[in-house]
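Here are some notes for a colleague who is opening this entry for the first time. They are set out as numbered points, to be read beside the sequence and the 3D view.

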Amino acid sequence: MRTASHYLRPLFIILILGGALVYGYFQARAFLDGPVILLDSPREGVPLTSALFTVSGTIRNAAFISLDGRQIYTTEEGFFREQLLAPLGYTIVTLKARDRFGHSAEKEIELVRIK
């Protein structure tokens, strides 16, 4: 006849392995999901009144970052700040990020300069 402890040992091992898998997934999800781009400025829908404007924000989990095809750099916390010139009228600024595993993210910013 089998005792209760005979059934508890495999259950305990399964719970430990399951917990390790869940913990591993949560630790690795930043690498699995790829880069994340969070823009602070410029705000979409707000027209520009001067030629000089600032693109700023935070990028996480990225090894290479470009703004309109030009490489830019971040602080250790992932913050970036770049100044650009906008022509009169409508323009699109493209921000791209790529991690070391080949995942990428892209954000297009649509701007209108009115003066």
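1. In this predicted model, the count of salt bridges comes to 1. The two side chains that meet in the salt bridge are those of Arg-70 and Glu-82, with a distance of 3.3 Å from N to O. The pair links distant parts of the chain, since Arg-70 belongs to strand 4 and Glu-82 to strand 5 (residues 79-85), 12 residues apart. As a general point, side chains of opposite charge can pair when their charged atoms come close.

2. Are the two partners of that salt bridge, Arg-70 and Glu-82, buried or exposed? Arg-70 has a relative accessibility of 39% and therefore counts as partly exposed, whereas Glu-82 is buried, because its relative accessible area is 17% and the cut-off for buried is under 20%.

3. Arg-70 also has a place in the strand pairing, as the bridge partner of Leu-67 in strand 4. Strand 3 and strand 4 (residues 70-71) pair in the antiparallel sense, over 2 bridges. The hairpin that these strands form has 2 residues between them, and Asp-68 takes a positive phi near 55° there.

4. How is the sheet as a whole ordered? It is an open sheet of 4 strands in the order 4-3-6-7, with antiparallel pairing. Strand 4 and strand 7 are the edge strands, each of which pairs on one side only. It may help to keep in mind that, in a regular strand, the side chains alternate between the two faces of the sheet.

5. Following that order inward from strand 4, the next pairing to look at is the one between strand 3 (residues 64-67) and strand 6 (residues 89-98), which run antiparallel and are joined by 4 bridges. Leu-67, already mentioned as the bridge partner of Arg-70, stands opposite Leu-95 in strand 6.

6. How many bridges are there between strand 6 and strand 7? The two strands pair in the antiparallel sense over 10 bridges, and Thr-94 stands opposite Glu-108 in strand 7. Strand 6 and strand 7 form a hairpin with 5 residues between them, and in its turn Gly-102 has a positive phi of about 95°.

7. Some backbone angles deserve a careful look, because most residues other than glycine have a negative phi, and most peptide bonds are trans. Asp-68, in the loop between strand 3 and strand 4, has a positive phi although it is a residue other than glycine, with a value near 55°. Asn-61, which is not a glycine either, has a positive phi of about 60°, and its place is in the loop between strand 2 and strand 3. Asp-68 has a relative accessible area of 45% and so is partly exposed; Asn-61 is partly exposed as well, with a relative accessible area of 31%.

8. The peptide bond between Ser-41 and Pro-42 is cis, with omega at about 0°. Pro-42 is found in the loop between strand 1 (36-41) and strand 2 (52-60).

9. Which residues form the negative surface patch? They are Glu-44, Glu-106, Glu-108 and Glu-110. Glu-108, named above as standing opposite Thr-94, thus reappears here on account of its charge, because Asp and Glu count as negative. Glu-110 is found in strand 7 (residues 104-113), and its relative accessibility of 42% means that Glu-110 counts as partly exposed.

10. There is also a nonpolar patch on the surface, formed by Phe-12, Ile-13, Ile-16 and Leu-17, which together have about 420 Å² of accessible area. Of these residues, Ile-16 is found in helix 1.

11. Leu-8 has its place in helix 1 (residues 4-33) and is exposed, because its relative accessible area is 51% and the cut-off for exposed is over 50%. How are Leu-8 and Thr-74 separated? They are 66 residues apart along the chain, and 51 Å separates their C-alpha atoms.

Notes:
Residues numbered from 1 in each chain as written. Predicted model: local features only at pLDDT ≥ 70, side-chain atom pairs only at ≥ 80, totals over all residues. Heavy atoms only, no water. Pairing = 2+ DSSP bridges. Patch = residues over 30% accessible without salt bridge, like charges linked within 9 Å, V, L, I, M, F, W, Y side chains within 5 Å. Areas by Shrake-Rupley, 256 points an atom, 1.4 Å probe, with all protein chains shown as cover. Salt bridge = Lys/Arg side-chain N within 4 Å of Asp/Glu carboxyl O. Charge placed at Lys NZ, Arg CZ, Asp CG, Glu CD. Buried < 20%, exposed > 50% of the residue type's maximum accessible area, 1.4 Å probe, protein only.
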